[in-house]
Amino acid sequence: DYERLVFETDTESLDYDDLVDRLEETTRELTRADVQLAALGLQKRQAVAALNFIRIMHERTVEATTVDDLCSSVVEAITSDLAMDAAAVLDVDTETREGSVLASSGFVDDTRLSQILADSALLEPGYVSSESPLQPSLDHLKEALDFPHAIWYPETDKSGRAWVLLAANRREDLGLKQPFTEATLEILGAVSSSLLSQRARILHTQEMVRQREQRIEFLAEIIRTSPLSVVVSDPDWAITYVNPAAETLYGYEAGELIGETPDILNSDPGSTVLQRRVLSAVGRGEVWRGEIIGRKKNGDRLDLHSSIYGLKDHAGETFAYVGFQEDIGDRIK
């Protein structure tokens, strides 16, 4: 604007006051533009930091299979990958204010952390730093943590327990450790919410596994105490399990039968034909049922009714054969 005025204005009729006003306005516009560029640069750095924070947290925690693993991964990500001086995950009962330190790193010991669990300030998102307007009212928390700069974010689950994600720094460095701000608090809140969801997923998975194990133990107990003989073989027909009733029926101990084929228990003269029929039926996914002649360890003959079927995995491959045998000698007599 200044050059244009110089070249386009007759110097004799130049209004210097107007020129000064226009130069001042131009300066103000440039200043506003610089401020806007600086703000955009800050927003860009904050956005990049937020994405990096979320990415690292996801990479660190997605493989966690237990709550302890999840908490340890969170603390390690904050202190190692994100270069903060200290971090902790706290579990607090919102009613009784009782809780525990699930994981921590960078603090002298967990005693100080345990002392702040009952502090009501932890149940609300907050931070203390050089730019924090809340700093005067939270000096006690800063002293308790023994860190001048700290930030925390609680997430409460349906049971009324708060999961508190806490991070702290000993100093601020605009290049490495920027002051904790509202923007940092929002990022921490998003991460905390995601981690709470992951914890719920882990707990749900663990409960499903526990229930499945209970069902397996229940079914295993039924088989173990069944009055019917149960013989289980692998896909190659090597015996992998016999229940106590089978031991009693055939006169063998389990260890004598494991690894053997069911032929050791068979005395049927037509066993070759019988085996083909059994394989044909179980191959079609059917249960083979029929009468067979078995053999005890001492060589005695057994008249048996047998049911044999195959167990398939999710891919449809047979991974075991199960046979039930019932002594029908008295019935035949």
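**Entry 1: terms and overview**

I count strands as DSSP runs of E with at least two residues, numbered from the N terminus. I am working with a predicted model. I found ten helices and ten strands in the protein chain. The chain has 333 residues, and 35% of them count as buried. I also looked up how far apart in sequence the contacting residues are: of the contacts with a separation of 6 or more, 50% join residues 24 or more positions apart.

**Entry 2: Trp237**

I started with backbone angles. Trp237 has a positive phi near 70°, and this residue is not glycine. I placed Trp237 in the loop that runs between strand 6 (229-233) and strand 7 (239-242). Is Trp237 buried, exposed or partly exposed? I noted a relative accessible area of 23%. Buried would need a value under 20% and exposed one over 50%, so Trp237 is partly exposed.

**Entry 3: other positive phi values**

I noted that Arg97, again a residue other than glycine, has a positive phi near 65°. Arg97 sits in a loop too, between strand 1 (86-93) and strand 2 (99-105). With 30% relative accessible area, Arg97 is partly exposed. Ala83 comes just after helix 3, and I read a positive phi of about 60° there. That took me to helix 3 itself.

**Entry 4: helix 3 and helix 6, one at a time**

I checked the length of helix 3 first. At 1.5 Å a residue, its 15 residues should span 21 Å, and I found its end C-alpha atoms 20 Å apart, which agrees. Among the buried residues of helix 3 I listed Leu70, Cys71, Val74 and Ile78. Helix 6 has 44 residues, and from first to last C-alpha it reaches 64 Å, close to the 64 Å expected. Its buried residues include Leu185, Leu188, Val191, Leu195, Gln198, Arg199 and Ile202.

**Entry 5: how the two helices pack**

Which way do helix 3 and helix 6 run relative to each other? I noted an angle of about 160° between helix 3 (residues 67-81) and helix 6 (residues 182-225), with the axes 9 Å apart. Angles over 145 degrees count as roughly antiparallel, and helix 3 and helix 6 are therefore roughly antiparallel. I recorded their crossing as right-handed. Helix 3 brings Val67, Leu70 and Val74 to the contact, and helix 6 brings Leu195, Gln198, Arg199, Ile202, Leu203 and Gln206. I sorted these contact residues into six nonpolar, two polar and one charged.

**Entry 6: Val67**

I picked Val67 of helix 3 for a closer look. What does Val67 touch beyond its neighbours within four places in sequence? I found Arg199, Ile202, Leu203 and Gln206. Val67 has a relative accessible area of 16% and is buried. I also looked up Val67 and Arg201: they are 134 residues apart in sequence, yet 9.8 Å apart in space, C-alpha to C-alpha.

**Entry 7: Ser307**

My last stop was Ser307, in strand 9 (residues 301-312). Is Ser307 buried or exposed? I noted a relative accessible area of 16%, so Ser307 is buried. Leaving out residues up to four places away in sequence, I listed its contacts as Val287, Trp288, Arg289, Val322, Gly323 and Phe324.

Definitions and conventions: Residues are numbered from 1 along each chain as its sequence is written. This is a predicted model: local features need pLDDT of at least 70, side-chain atom pairs count only at pLDDT 80 or more; totals for chains, interfaces and linings use all residues. Side-chain values use heavy atoms; hydrogens and water are left out. Axes are lines fitted to C-alpha atoms, for helices over the stretch in contact, and angles run from 0 to 180 degrees between N-to-C directions. Helices (H or I, at least four residues) and strands (E, at least two) are DSSP runs, numbered from the N terminus. Angles under 35 degrees count as roughly parallel, over 145 as roughly antiparallel, 65 to 115 as roughly perpendicular and the rest as oblique. A crossing is left-handed if the near helix is turned anticlockwise from the far one by less than a right angle, and right-handed if clockwise. Contact means heavy atoms within 4.5 Å. Ala, Val, Leu, Ile, Met, Phe, Trp, Tyr, Cys and Pro count as nonpolar, Asp, Glu, Lys and Arg as charged, and the others, Gly among them, as polar. The expected span of a helix is 1.5 Å times one less than its number of residues. Buried means under 20% relative accessible area, exposed over 50%, partly exposed in between (1.4 Å probe, protein chains only).
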